[in-house]
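Please open the model and keep the sequence beside it. The points below are short, so check each one as you read.

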Amino acid sequence: MTTIYDFKETEMNGDLLALEQYRGQVILIVNTASNCGLAPQFKGLEALYLKYKAEGLVVLGLPSNQFHQEKADDAATHDYCQRHYGVTFPMTKRVLVNGEDEDPLFAYLKQTAGHGRIKWNFTKFLIGRDGRVLNRFAPTTRPETFEAAIRDALADRS
């Protein structure tokens, strides 16, 4: 049976990012896009990451140009996110979130969480310490509005 820990992505710097390394932590996976009107959510994502990373939260940003709102290349995306939002959480090379060539991680997340296709940038998936998908948050749901769900996931040590 496939679990969240079976997936690997590639960080923007080219390093392999195995989700196995986050076993026992709470993971927030987000499909991002720098030119999207929702990009200010980077600020809220970074704030949550900094506030809770010592307790076991990791935020993973997976840029996607699926909706034609990402920078020209990964280097430009990385630079923009750091310069404008101070992003320090891990960011991967761009992925597709829907369709024939979609990233396997997003196929798994959509199938596990339900609700079908990713409709827009900044869809967020909260993964518990046990690797289960706890929630899928809509693109317009600001990160600070589900901080309580993150705290609950962090408190669950079962």
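The notes below go from the whole fold to single residues.

1. **Status of the model.** This is a predicted model. Please read every value below as computed from that prediction.

2. **The fold.** The protein has four helices and six strands. Starting at the N terminus, the order of elements is β-β-β-α-β-α-α-β-β-α. Trace that order in the viewer before going on to the side chains.

3. **Overall size.** How compact is the protein? Its radius of gyration is 14 Å, and the globule rule gives 15 Å for 158 residues. The two values are close, so the protein is as compact as a globular protein of that length. The C-alpha trace spans about 45 × 35 × 30 Å along its principal axes.

4. **Inside and outside.** Of the 158 residues, 51% count as buried. The exposed area is about 7600 Å². Carbon and sulfur atoms supply 50% of that area.

5. **Contacts along the chain.** Take the contacts with a separation of 6 or more. Residues 24 or more positions apart account for 67% of them. The aromatic pairs in the next points give examples of links between distant parts of the chain.

6. **A buried aromatic pair.** The structure holds eight aromatic pairs. One of them is F42 with Y85. Why is this pair called tilted? The ring centres are 5.5 Å apart and the planes meet at 35°. Planes under 30 degrees apart would count as stacked and over 60 as edge-to-face, so 35° falls into the tilted class. F42 belongs to helix 1 (residues 41-52), and Y85 belongs to helix 2 (residues 74-85). The two residues are 43 residues apart, and their pair links distant parts of the chain. Both F42 and Y85 are buried.

7. **A second tilted pair.** F67 and W120 also form a tilted aromatic pair. Their centres are 5.1 Å apart, with 35° between the planes. This pair joins two loops. F67 is in the loop between strand 4 (57-63) and helix 2, while W120 is in the loop between helix 3 (104-113) and strand 5 (124-127). The separation is 53 residues. Is each partner buried or partly exposed? F67 has a relative accessible area of 16%, so F67 is buried under the 20% cut-off. W120 reaches 33% and therefore counts as partly exposed.

8. **An aromatic cluster and a charge.** F42 and Y85 return here, together with Y80 and F122, as one aromatic cluster. Look at Y80 next. The charged end of K71 sits over the ring of Y80, 4.2 Å from the ring centre.

9. **T77 in helix 2.** T77 lies in helix 2. Its relative accessible area is 1%, so T77 is buried. Leaving out residues up to four places away in sequence, T77 touches M12, S34, P63, E70, K71 and R94. One of these, K71, is the residue whose charged end sits over the ring of Y80.

10. **Q41 in helix 1.** Q41 is part of helix 1. Is Q41 buried or exposed? At 7% relative accessibility, Q41 counts as buried. The Q41 side chain makes a polar contact of 2.9 Å with the side chain of K124. Beyond four places in sequence, Q41 touches F122, K124, P139, T140, T141, R142 and P143. Among them, F122 is a member of the aromatic cluster.

Definitions and conventions. Residues are numbered from 1 along each chain as its sequence is written. This is a predicted model: local features need pLDDT of at least 70, side-chain atom pairs count only at pLDDT 80 or more; totals for chains, interfaces and linings use all residues. Side-chain values use heavy atoms; hydrogens and water are left out. Rings of Phe, Tyr and Trp (its six-membered ring) pair if their centres lie within 6.5 Å; planes under 30 degrees apart count as stacked, over 60 as edge-to-face and the rest as tilted. Buried means under 20% relative accessible area, exposed over 50%, partly exposed in between (1.4 Å probe, protein chains only). A charge sits over a ring if NZ of Lys or CZ of Arg is within 6 Å of the ring centre and within 35 degrees of the ring normal. Contact means heavy atoms within 4.5 Å. The radius of gyration is taken over C-alpha atoms; the globule rule is 2.2 Å times the number of residues to the power 0.38. Accessible areas come from the Shrake-Rupley method with a 1.4 Å probe; for residues, only the protein chains shown count as cover. A polar contact is a pair of N or O atoms within 3.5 Å; within protein, one must be able to donate a hydrogen and the other to accept it, and residues adjacent in sequence count only if both atoms are side-chain atoms.
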